[in-house]
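Good morning, everyone, and thank you for making time for this. I would like to walk through one structure slowly, so please have the sequence and the picture open as we go.

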Amino acid sequence: MSETVVKASYLTQEAFDRLKAELEELSGPGRADIVAKIEAAREEGDLKENGGYHAAREEQGKMEARIRQLTQLLDNAIIGETPADDGIVEPGMVVTVEMFGEEETFLLGSREIADPDLQVYSEQSPIGSAVNGKQAGDSTSYSAPNGKQIDVKILSAKPYAG
């Protein structure tokens, strides 16, 4: 039997509050709405050929999966704790790296953080796990999904101001 290791993800307070509100909506009124849709479709008769029933059941499955995802994320979140400004890459830091001869800046944290001005990489992503714990001046590499090795040089790491 394998043990599942749940890793914490960095979330801003705003993202945590937004996701908590989404979870409360899905768990309460959302569930009640989908149950009502399923009951209404069930009353239409033959379930084998009832498109409304099957669509409602599929919607229910997706909603329950999102509820599980949000519950796990919120239960294991590191909320808005600004990391030390010590140049060490860790969740909650805005990291500038050099890849392919160009600079790229991103936030290391949960992809649920919605910042239109900043790309967000999870600390569990290939690039996130490669740079996590490194500091400005360090070089590392990671394996891209296509198998290529990508060289990365960390230029800077600053706490996310949100």
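**A walk through the model**

Let me begin in a loop, the one between β5 (119-121) and α3 (126-131), where we find S125. Before going further, I should say that this is a predicted model, so please keep that in mind throughout. Is S125 buried or exposed? Its relative accessible area is 16%, and because buried means under 20% relative accessible area, S125 counts as buried. The side chain of S125 also makes a polar contact, reaching the backbone nitrogen of G128 at 3.0 Å.

From that loop we can step back to the sheet. Strands of a sheet pair through backbone hydrogen bonds, and they do so either parallel or antiparallel. Here five strands form an open sheet, in the order β5-β4-β3-β7-β6, and the pairing is mixed. The edges are taken by β5 and β6, each of which has a single partner strand, so one side of each is left without a neighbour in the sheet. From one strand to the next, the twist averages 45°.

Let us now cross the sheet pair by pair, starting from the β5 edge. Strand β4, residues 102-108, pairs with β5 in the parallel sense over three bridges, and in that pairing L108 has Y121 of β5 as its bridge partner. On moving to β3 and β4, we find the antiparallel sense, over six bridges, with V95 standing opposite F106 in β4. These two strands, β3 and β4, form a hairpin with two residues between them, and F100 in the turn has a positive phi of about 55°. How many of the residues of β3 are buried? Six of its seven are, which leaves β3 mostly covered.

The next pair joins β3, residues 93-99, to β7, residues 149-159, which is again antiparallel and again runs over six bridges; here M93 has P159 as its bridge partner in β7. At the other edge, strand β6, residues 139-143, runs antiparallel to β7 and is joined to it by five bridges, and T140 has V152 of β7 as its bridge partner. A hairpin is formed by β6 and β7 as well, with five residues between them, and G147 in its turn has a positive phi of about 95°. In the loop between β6 and β7 we also find A144, which counts as buried at 14% relative accessibility. The C-alpha atoms of A144 and Y53 are separated by 41 Å, the two residues being 91 residues apart along the chain.

That brings me to the helices. Two packed helices are described by the angle between their axes and the distance between the axes. For helix α1, residues 13-42, and helix α2, residues 51-75, the axes come within 9 Å and cross at roughly 160°. Since angles over 145 degrees count as roughly antiparallel, α1 and α2 are therefore roughly antiparallel to each other. The crossing in which α1 passes α2 is left-handed, and the residues of this contact divide into 14 nonpolar, five polar and nine charged.

Let me close with one residue of helix α1, namely I34, which counts as buried at 2% relative accessibility. Measuring by eye is difficult here, so I will give the computed separation: I34 and N50 are 16 residues apart in sequence and 16 Å apart in space, C-alpha to C-alpha.

Note on methods: Residues numbered from 1 in each chain as written. Predicted model: local features only at pLDDT ≥ 70, side-chain atom pairs only at ≥ 80, totals over all residues. Heavy atoms only, no water. Pairing = 2+ DSSP bridges. Helix = DSSP H or I, 4+ residues; strand = E, 2+ residues; numbered from the N terminus. Axes fitted to C-alpha atoms, helices over the stretch in contact; angles between N-to-C directions. Parallel < 35°, antiparallel > 145°, perpendicular 65-115°, else oblique. Left-handed = near helix turned anticlockwise from the far one by under 90°. Nonpolar A, V, L, I, M, F, W, Y, C, P; charged D, E, K, R; others polar. Buried < 20%, exposed > 50% of the residue type's maximum accessible area, 1.4 Å probe, protein only. Polar contact = N/O pair within 3.5 Å; in protein donor to acceptor, adjacent residues only side chain to side chain.
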